Amino acid sequence: MFSTAFSTNLPKTIPSLPQPPLHSFPPIVPSFSLPLSSPKSRHHQGPLRHVIRAIDAAQPFDYESQLHTQYVKSTSLKIAVIGFGNFGQFLAKAFARHHHTLLVHSRSDHSPAVRQQLNAPFFADLNDLCELHPDVVLLSTSILSTESVLKSIPFQRLKRSTLFVDVLSVKEFPRNLFLKYLPQDFDVLCTHPMFGPESAKSSWENLPFMYDKVRIGNDEERIKRVDKFLDVFAKEGCRMVEMSCFDHDKYAAGSQFVTHTMGRVLERFGVESSPINTKGYETLLDLLQRLEMAFESIKQQLFGQMFRVYRKELFGSAEEEEEEERVRLLSAPKETQNGAPVDSERLEGS
C-alpha cells in the first residue's frame, strides 16, 4: 500500500535541470603541483600546461649559463704579469683568451690601451698588487733586471703557496735566483716559450715550449694550478717539452751560438732584396762569397783580441810597473836626489 501510494505521487518523468554554459565557471586548478613530466598535467591542465612549458624553457638556459660561469671560475687563474713590455703583452693576450684574470706591474704604465683591452688593472706599487693574492706571479723582465725585481717583491703579502714562473731564454740563472730568494713554501716553474711576437704572430701551432717543474707542492690544488697554467700553451698548439733547466742551457748554448753568430755575420754584410734573388745558383754563390768575407772579418777581430790578451799576460806586469813609476814621478815633489828639480815636461814627453 505504502509503496503504491508513494509511487503514484511521483512524476512520471524527472525534468532535466538547465546546464550552465561551460565558460561561466573558471577552470579548476588543483592546489598541489604535479611533476612537469606527469601525463596528468598534460591531459587535465590545458591552460596551465603552456605556463609550465614557458617556465621549463627558461630553466635549462639559466642552468647552462650558470654551469658555464662556474666552469670558467673553476679553471681561471689570477696571473700577475711583472714586466709588461712587448713580450709580457704578447703572453698576456694568450692568458686573456683563456679567461684568466690579469694584474699588471711595470716600471711605467706605457701600454694603457692594451691593458684596457685585456681588462688588466695596472699597479705601480707591488704591495698593492700582492695584497690581491695572485695565484701566479709571472716574471717577464730582462735577464739583467731579474734579480733586482725579484728582491723588490714583498713576499710576505702573497699567499704562502704562490706559484712563480719565469720566461727567460736561459734557465739555470732564474732557477738559482728563485731557489735563493723565494720562501720555501712557494712553487717554482721555469719556462721558455721558444718563440715571440714576430715568429708566432699568426699561430703558436707546433712551436716548442720548454718547462721545468722545479718545485711544486704535493697537494692536488697546487698540481692543478700548474696544469692550468701550462694548459694555456698546450691549447694554443705548442709542442710541450718538459726538460731540466740544466739540459735546456746545454742544448741552447749550441743552437744559440750558431744563431747569434750567423746573425752577426749576416749583419756584417747585410741582406737586401735585389733582382739577383731570383737567380738561384748565382745567389747561392754570391751568398757564399759574402759569408767568406764576413768570417774573415770576424776572424781578424778574434785574433786581435787574442793578441791583446796574450800581450797583457806576457808583458802586463812589466808595463804596469813602468806605468806606476811614471805616475809616481809625475806626482812627486819637484826636488829629487841631490836637490835638483825634476823636469816634469820631459817626463810627460818620455
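Two strands count as paired if DSSP finds at least two bridges between them. In this predicted model, strands S4 and S5 meet that condition with four bridges and run parallel. One of the residue pairs involved is phenylalanine 164 with its bridge partner in S5, valine 188.

## Overall make-up

The protein chain has 350 residues, and 28% of them count as buried. Its secondary structure consists of 12 helices and seven strands. Among contacts between residues at least 6 apart in sequence, 65% join residues at least 24 apart.

## The sheet

The seven strands form an open sheet with mixed pairing, in the order S2-S1-S3-S4-S5-S6-S7. S2 and strand S7 (239-242) are the edge strands; each has a single partner strand, so one side of each has no neighbour in the sheet. From one strand to the next, the twist averages 25°.

Strand S1 has partners in S2 and S3. With S2, S1 pairs in the parallel sense over five bridges, and valine 81 has valine 104 of S2 as its bridge partner. The connection from S1 to S2 passes through H4, and this β-α-β crossover is right-handed. With S3, S1 also runs parallel, joined by four bridges; here isoleucine 79 has valine 136 of S3 as its bridge partner. Four of the five residues of S1 are buried, so the strand is largely enclosed by the rest of the structure.

Lysine 78 belongs to S1. Its relative accessibility is 28%, and because buried means under 20% and exposed over 50%, lysine 78 counts as partly exposed. Contacts of lysine 78 outside its sequence neighbourhood of four places include Thr101, Leu103, Pro134 and Val136. The C-alpha atom of lysine 78 is separated by 7.4 Å from that of leucine 103, 25 residues apart along the chain.

## Helices on the sheet

Helix H9 packs on the sheet and touches S1, S3, S4, S5, S6 and S7; the direction of H9 makes about 170° with that of S6.

Helix H8 (residues 172-181) has Pro174, Leu177 and Phe178 buried. These three cover an arc of only 100° around the axis, which places them on the same side of H8. Among the elements that cover the buried residues of H8 are S3, helix H7 (146-151), S4 and strand S5 (187-193).

## The nonpolar cores

In soluble globular proteins, nonpolar side chains tend to be buried together. In this model the largest nonpolar core has 31 residues, and those with the most contacts inside it are Ile79, Phe95, Leu138, Trp204, Phe229 and Phe233. Elements giving two or more residues to this core include strand S1 (78-82), helix H4 (86-97), strand S2 (101-105), helix H5 (112-118), strand S6 (208-215) and H9. Apart from this core lies another of 22 residues, among them Leu103, Ile153, Leu177 and Phe186.

Phenylalanine 229 lies in helix H9 (residues 220-235). Its relative accessibility is 1%, so phenylalanine 229 counts as buried. The C-alpha atoms of phenylalanine 229 and valine 165 are separated by 9.7 Å, and the two residues are 64 apart along the chain.

Arginine 222 is also found in helix H9. At 17% relative accessibility arginine 222 counts as buried, because the cut-off for buried is under 20%.

The table gives contacts of three residues, leaving out residues up to four places away in sequence.

| Residue | Residues touched |
|---|---|
| Phenylalanine 229 | Leu77, Ile79, Phe95, Val136, Leu138, Val165 and Leu189 |
| Phenylalanine 233 | Leu91, Phe95, Trp204, Phe209, Cys238 and Met240 |
| Arginine 222 | Ser161, Asp185, Phe186, Asp187, Ile216 and Gly217 |

Phe95 is touched by phenylalanine 229 and by phenylalanine 233. Ile79 and Val136, which are bridge partners between S1 and S3, are both among the contacts of phenylalanine 229. Val136 is also touched by lysine 78. Phe186, a residue of the 22-residue core, is touched by arginine 222.

How values were computed:
Residues numbered from 1 in each chain as written. Predicted model: local features only at pLDDT ≥ 70, side-chain atom pairs only at ≥ 80, totals over all residues. Heavy atoms only, no water. Buried < 20%, exposed > 50% of the residue type's maximum accessible area, 1.4 Å probe, protein only. Contact = heavy atoms within 4.5 Å. Core = buried A, V, L, I, M, F, W, Y, C linked by side-chain atoms within 4.5 Å. Right-handed = clockwise from strand over helix to strand, strands pointing away. Arc of directions from axis to C-beta. Axes fitted to C-alpha atoms, helices over the stretch in contact; angles between N-to-C directions.
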